[in-house]
Amino acid sequence: MIIRTLCNSCLQTFELVLEASDLSLVKQIADETGHTCPCPRLCGGSILLVGDETSKQMATDSRLKTPLRITGKELYKAIHGSGLPDEIPRDADVLESMLKANDVTGVSVEKVNDTIYLHELYLSNGVTVHLASGQRGAQVLKMTKERDNGSRNHR
Ligand SMILES: [Zn+2]
């Protein structure tokens with residue numbers, strides 16, 4: 001089943017490719033009615049999970065961004081903070097040159113007892129680099145773009 005839908009906040013359009021095996025995952029992220037779930041860009045908006053005439057029309061509106069094709073599993077992972085396929089860096093050189101070319105304009109740090117945790121780096125080009133602890137050290141979980149309205153990701 002393929003559902004074209006869009007976020008009511010950031011206006012990102014999605015093409016959800018849902019297999020029968022994805023439905024139990026999707027149920028876990030949906031609201032009580034099963035009709036919407038949080039936007040996987042984590043912008044604070046929500047997307048419809050059911051085929052709807054309005055969203056179908058809006059999803060084919062050429063002024064909107066090209067739909068991002070994602071599976072039910074990718075939707076689930078993105079809502080849990082792992083990033084959408086286009087947010088997960090694949091190339092270490094891209095990350096390195098981005099860090100060298102841009103100033104760090106802000107950080108998200110947290111101090112718990114005597115340990116300092118660095119969660120996010122905000123770069124001058126509007127990109128947020130999200131870090132997580134991986135098996136070998138700090139892992140770049142995802143890189144997200146600042147939206148037109150200046151809001152950043154909620155996670
Ligand atoms: Zn959104």
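These notebook entries follow one sheet and two loop residues.

**Entry 1, ground rules.** I am working with a predicted model, in which local features need pLDDT of at least 70, side-chain atom pairs count only at pLDDT 80 or more, and totals for chains, interfaces and linings use all residues. Residues are numbered from 1 along each chain as its sequence is written, and side-chain values use heavy atoms, with hydrogens and water left out.

**Entry 2, the sheet.** I looked up the strands (DSSP runs of E, at least two residues, numbered from the N terminus) and found an open sheet of 4 strands, ordered β6-β7-β8-β9 with antiparallel pairing. Because β6 (104–112) and β9 (137–145) stand at the edges with a single partner strand each, one side of each has no neighbour in the sheet. From one strand to the next the twist averages 25°, the axes being lines fitted to C-alpha atoms and the angles running from 0 to 180 degrees between N-to-C directions.

**Entry 3, one pair.** I then checked β7 (residues 115–123) against β8 (residues 127–134), which pair in the antiparallel sense over 3 bridges; pairing requires that DSSP find at least two bridges between two strands. Y122 has T128 in β8 as its bridge partner.

**Entry 4, positive phi.** I noted that most residues other than glycine have a negative phi. L11, in the loop between β1 (2–6) and β2 (13–17), nevertheless has a positive phi near 65°, and N113, in the loop between β6 and β7, has one of about 55°. On accessibility (buried under 20% relative accessible area, exposed over 50%, partly exposed in between, 1.4 Å probe, protein chains only), I found L11 partly exposed at 38% and N113 exposed at 69%.
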